[in-house]
Amino acid sequence: MKKLLEIIERVEKARLATDRHRIVKIVAVSKYTDTNAIRSLYAAGQRAFGESRVQDLQAKHDELNELPIEWHFVGRLQSNKINALLELQPALIHSLDSFKLAEALDKRAEAKDVTINALLQINSAKEESKAGFEPEAAIEAYERVSEECHYVNLQGLMSIGAHSEDRDVVQKSFETSREIFDKLGDKASVLSMGMSGDFELAIACGSNMLRLGSILF
Ligand SMILES: *Cc1c(COP(=O)(O)O)cnc(C)c1O
C-alpha cells in the first residue's frame, strides 16, 4: 500500500535524523475505518492496530479473528467496559488516565487471573478537554500503580500533543512527557506520542510509538 510506504519513509527519515538506535513502532489507529481497510493494511505488513472504543475493538477483533493482529486500545476506558476489553486480551492499553481506573482494571484482571499491559496517560499540555495525569503527579502515580496494582503491567507513558497550531507549544508538550519518561529510567520502555499531524516532531522529541489514524486510512 503506497500510503503506508510513504509514511514509513517519513518515520524513517525523522528517526534517522534523531536517533539511529531507536526503534519506532507504528500503531495504525483504525477507528475511522472498516475491516476491509484493516485487511489491506495488514496485507501490506502492518500488524499493530488501535481502536478507541471497546465496542468497535470487539467487533473488528471478532471479524478479523483469523488474523494475528496486535490490538491496542487508545481511547477513554469506562469502568463498565473493562471486562469486555480484558476478554479481548489487547496487547496494550495506552490510556490509563486515573488511579481509580488503574485500581478497577487491577481488580478485574485479578479476578480473571490475567495481567494487562498499560501506559500511564499524561496530560502534558494540561488541557481541560484531555484526560490523564498532571505532569507533576506522574512519577508518583506511576510508582503507586506499579506497587499497588500487581495485575497491571505499566510499560511507559502515552501523551497527546498539545492542541495548537504553534509548533513550539506542541513541542513543549512532547518534551514534558519525554522528561518524565527519562526520569522513570528502566521502569518505562514505551513512549507513545505522535499522531497524523505531529508524528515527526514527536519522534524528534523522543517518541518510540506512534498512533497514526487519518493519515493512513
Ligand atoms: C484517533 C486517535 C489517534 C489517531 O489520530 P489521527 O490524528 O487521525 O492520526 C491517536 N491517538 C488517539 C488517542 C486517538 O483517539
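## Close-up views of the ligand and of L77

**View 1. A backbone contact between G213 and the ligand.** In this predicted model, a polar backbone atom of G213 lies 2.8 Å from an oxygen atom of the ligand. Of the 390 Å² of accessible area that the ligand has on its own, the protein covers 87%.

**View 2. Side chains of K31 and S196 at the ligand.** Here we look at two side chains that meet oxygen atoms of the ligand. For K31, an N or O atom of the side chain is 2.7 Å from a ligand oxygen. For S196, the distance between a side-chain N or O atom and an oxygen of the ligand is 2.5 Å.

**View 3. The shell around the ligand.** Take a moment to find the neighbours one by one: V29, K31, Y32, V74, M195, S196, R211, L212, G213 and S214 surround the ligand. Sorted by class, this shell is made up of 5 nonpolar, 3 polar and 2 charged residues. As for where the ligand sits, its place is the largest pocket.

**View 4. L77 in its loop.** Let us now turn to L77, which belongs to the loop that runs between β3 (70-73) and α4 (82-87). L77 counts as buried because its relative accessibility is 10%, and the cut-off for buried is under 20%. I93 is 16 residues away from L77 along the chain, and the C-alpha atoms of L77 and I93 are 9.1 Å apart.

Technical notes. Residues are numbered from 1 along each chain as its sequence is written. This is a predicted model: local features need pLDDT of at least 70, side-chain atom pairs count only at pLDDT 80 or more; totals for chains, interfaces and linings use all residues. Side-chain values use heavy atoms; hydrogens and water are left out. A residue is near a molecule or strand if one of its heavy atoms lies within 4 Å of it. A polar contact is a pair of N or O atoms within 3.5 Å; within protein, one must be able to donate a hydrogen and the other to accept it, and residues adjacent in sequence count only if both atoms are side-chain atoms. Accessible areas come from the Shrake-Rupley method with a 1.4 Å probe; for residues, only the protein chains shown count as cover. On a 1 Å grid over the protein atoms alone, a cavity is a set of points where a 1.4 Å probe fits but cannot get out, and a pocket is an open set with protein on both sides within 12 Å along at least five of seven lines; lining residues have an atom within 4 Å of a point. A molecule sits in a cavity or pocket if more than half of its atoms lie within 2 Å of its grid points. Ala, Val, Leu, Ile, Met, Phe, Trp, Tyr, Cys and Pro count as nonpolar, Asp, Glu, Lys and Arg as charged, and the others, Gly among them, as polar. Helices (H or I, at least four residues) and strands (E, at least two) are DSSP runs, numbered from the N terminus. Buried means under 20% relative accessible area, exposed over 50%, partly exposed in between (1.4 Å probe, protein chains only).
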